[in-house]
Amino acid sequence: QVQLAESGGGLVQAGGTMRLSCVVSGLYFRTMAMAWFRQTPNQEREFVAAISNLARTTNYTHSVKDRFIISRDNNRATLYLQMNSLKPEDTSVYYCAAARSEFSSTRIYLNENEYQYWGLGTQVTVSS
């Protein structure tokens, strides 16, 4: 059974830091390209950051570049999102996603439709 389990969300003041984790089971993690997306009520799900299966390539949406860091530990089958200098506009439900990518160690995906597996999300709230 495939499971992506996010954790680490909560309430933080603006300017603070938070680290999200996503533990993956039921998949051969080191062959999966991974990403974080976020969604607020009445908004479309938004790409945040992506990482290739061996962490050779990363990509960020412009609004989080230089503040967020995506990383992964293939031995622990865990994806991370280190979030620094948080802003109220970062408030959202954050989802991790996995895409099959066994034929490339550098491929990343930016479109949510390219991801086959999703977690249930974790709420991040940044107070002003």
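Rings of Phe, Tyr and Trp count as a pair if their centres lie within 6.5 Å. Keep that in mind for the close-ups below, which come from a predicted model.

**View 1. Five rings gather into one aromatic cluster.** The members are Phe-37, Phe-47, Tyr-109, Tyr-115 and Trp-118. Across the structure, the count comes to 5 aromatic pairs. One of them is Tyr-109 with Tyr-115, an edge-to-face pair at 6.1 Å centre to centre, with 80° between the planes. Both of these tyrosines, Tyr-109 and Tyr-115, are buried.

**View 2. Tyr-115 also meets Trp-118 edge-to-face.** Here the ring centres are 6.2 Å apart and the planes sit at 65°; planes over 60 degrees apart count as edge-to-face, so that is what this pair is. How much of each partner is accessible? Tyr-115 is buried, with a relative accessible area of 5%, while Trp-118 is partly exposed at 25%.

**View 3. Two arginines park their charged ends over rings.** Arg-45 places its charged end over the ring of Trp-118, 3.8 Å from the centre. That is the Trp-118 we just met in the aromatic cluster. Elsewhere, the charged end of Arg-72 sits over the ring of Phe-29, 4.3 Å from its centre.

**View 4. A disulfide ties Cys-22 to Cys-96.** Searching the whole structure turns up 1 disulfide, and its two sulfur atoms are 2.0 Å apart. Which strands does the pair link? Cys-22 belongs to strand S3 and Cys-96 to strand S9, so to speak distant parts of the chain, 74 residues apart. Both cysteines, Cys-22 and Cys-96, are buried.

**View 5. The largest nonpolar core holds 29 residues.** Nonpolar side chains tend to be buried together in soluble globular proteins. In this core, the residues touching the most other members are Leu-4, Met-34, Trp-36, Leu-79, Leu-81, Met-83 and Tyr-94. Strands S3, S4, S5, S7, S8, S9 and S11 each give two or more residues, and S3 supplies the largest share, with 4. A second core lies apart from this one; it has 10 residues, including Ala-35, Phe-37, Ala-97 and Tyr-109.

**View 6. Zooming in on Leu-81 and its neighbours.** What does Leu-81 touch, leaving out residues up to four places away in sequence? The list runs through Met-18, Arg-19, Leu-20, Trp-36, Val-48, Ala-49, Phe-68, Ile-69, Ile-70 and Tyr-94. Two of these contacts, Trp-36 and Tyr-94, are also among the core residues that touch the most other members.

Conventions. Residues numbered from 1 in each chain as written. Predicted model: local features only at pLDDT ≥ 70, side-chain atom pairs only at ≥ 80, totals over all residues. Heavy atoms only, no water. Core = buried A, V, L, I, M, F, W, Y, C linked by side-chain atoms within 4.5 Å. Buried < 20%, exposed > 50% of the residue type's maximum accessible area, 1.4 Å probe, protein only. Contact = heavy atoms within 4.5 Å. Disulfide = S-S within 2.5 Å. Phe/Tyr/Trp six-rings, centres within 6.5 Å; stacked < 30°, edge-to-face > 60°. Lys NZ or Arg CZ within 6 Å of the ring centre and 35° of its normal.
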